[in-house]
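Got the model open and wondering where the labels come from? Let's go through them one by one.

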Amino acid sequence: MKPIVFKWQESVGLEDRPAISHMLAASMGEAMACLVRVPTEVVKAKMQTTETATLTKTFRLVLQETHGSALSQFTGGLYRGYGMTLMREIPFAMIQFPLYEGAKVWWSEKQGSPVNPIQAAACGSASGGFAAGLTTPLDVVKTRLMLGADKDG
């Protein structure tokens, strides 16, 4: 994704803004990853909150659900909460990746050499933790939507 974003940035005169490329590439990657992640999360959450103990039964139950969209006629409830998941994942990525890249640059400049894998992991952990803290309320809403929970639970 990054090469595509870099080309676009050059075409609009924003080639000297790496944070923009990190945010856009991360957002596009998250949108694609959610195509796999959302059905997995829906089935997992449903298994945790229903008496149906087997994966097969839970999967069938989710496939029988519809939630108003034309797509749900084919996919059942597998993509319930996809939009809300994007509304959580994209802000998370737009916070985490620029912080991660910035932290690596800062640390590299501070020590006078590129960060090693352990230092990069520390940068990722700190930036991911910070982003998660800010987007946790969105995660709660996402989970409730995936479960089909109303205001009463």
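Q: What do buried, exposed and partly exposed stand for here?
A: Buried means under 20% relative accessible area, exposed means over 50%, and partly exposed is what lies in between. Keep in mind that this is a predicted model.

Q: Why is Leu24 called partly exposed?
A: Leu24 has a relative accessible area of 32%, and that falls between the 20% and 50% cut-offs, so partly exposed is the label. Leu24 is part of helix α2.

Q: What makes Leu24 eligible for a surface patch?
A: Patch residues need over 30% relative accessible area, and Leu24 has 32%, so Leu24 clears that bar. Leu24 shares a nonpolar surface patch with Trp8, Val12 and Met28, and together they offer about 330 Å² of accessible area. Helices α1 (2-12) and α2 (18-49) each put in at least two of the patch residues.

Q: Which residues make up the largest nonpolar core?
A: That core has nine residues: Ala31, Cys34, Val38, Val42, Val43, Val62, Leu78, Leu86 and Met146. The biggest share comes from α2, with five residues. To be called a core, the residues have to be buried and joined through side-chain atoms within 4.5 Å.

Q: What does Val38 touch, leaving out residues up to four places away in sequence?
A: Val38 touches Leu78, Tyr79, Arg80, Tyr82, Thr85 and Met146.

Q: Why is the Arg88 and Asp139 pair called a salt bridge?
A: The side chains come to 3.2 Å, N to O, and the limit is 4 Å, so the pair qualifies. This one links distant parts of the chain: Arg88 sits in helix α5 (residues 82-111) and Asp139 in helix α6 (residues 117-147), 51 residues apart.

Q: Are Arg88 and Asp139 buried or partly exposed?
A: Arg88 is at 13%, under the 20% cut-off, so it is buried. Asp139 is at 27%, above that cut-off and below 50%, so Asp139 counts as partly exposed.

Q: What makes Glu89 a salt-bridge partner of Arg88?
A: Their closest N and O atoms are 2.4 Å apart, which is within 4 Å, so this is a salt bridge too. Glu89 is buried, because its 8% relative accessible area is under 20%.

Q: How do you know that Lys104 and Glu101 form a salt bridge?
A: The closest N and O atoms are 3.7 Å apart, and the cut-off is 4 Å, so the pair makes the list. Both residues lie in helix α5, three residues apart, about one turn of the helix. Elsewhere, salt bridges that share partners join Glu30, Arg37, Arg88, Glu89 and Asp139 into one network. The salt-bridge count is eight.

Q: Why is the Tyr79 and Tyr82 pair called edge-to-face?
A: The one aromatic pair counted is Tyr79 with Tyr82, at 6.2 Å centre to centre and 75° between the planes. The centres are within 6.5 Å and the planes over 60 degrees apart, so the pair is edge-to-face. Tyr79 is at 22% and Tyr82 at 21%, so each counts as partly exposed.

Q: Why is Gln119 called buried?
A: Gln119, in helix α6, has 13% relative accessibility, under the 20% limit, so buried is the label. Leaving aside neighbours within four places in sequence, Gln119 contacts Trp107, Gln111 and Pro114.

Technical notes:
Residues numbered from 1 in each chain as written. Predicted model: local features only at pLDDT ≥ 70, side-chain atom pairs only at ≥ 80, totals over all residues. Heavy atoms only, no water. Patch = residues over 30% accessible without salt bridge, like charges linked within 9 Å, V, L, I, M, F, W, Y side chains within 5 Å. Areas by Shrake-Rupley, 256 points an atom, 1.4 Å probe, with all protein chains shown as cover. Helix = DSSP H or I, 4+ residues; strand = E, 2+ residues; numbered from the N terminus. Buried < 20%, exposed > 50% of the residue type's maximum accessible area, 1.4 Å probe, protein only. Contact = heavy atoms within 4.5 Å. Phe/Tyr/Trp six-rings, centres within 6.5 Å; stacked < 30°, edge-to-face > 60°.
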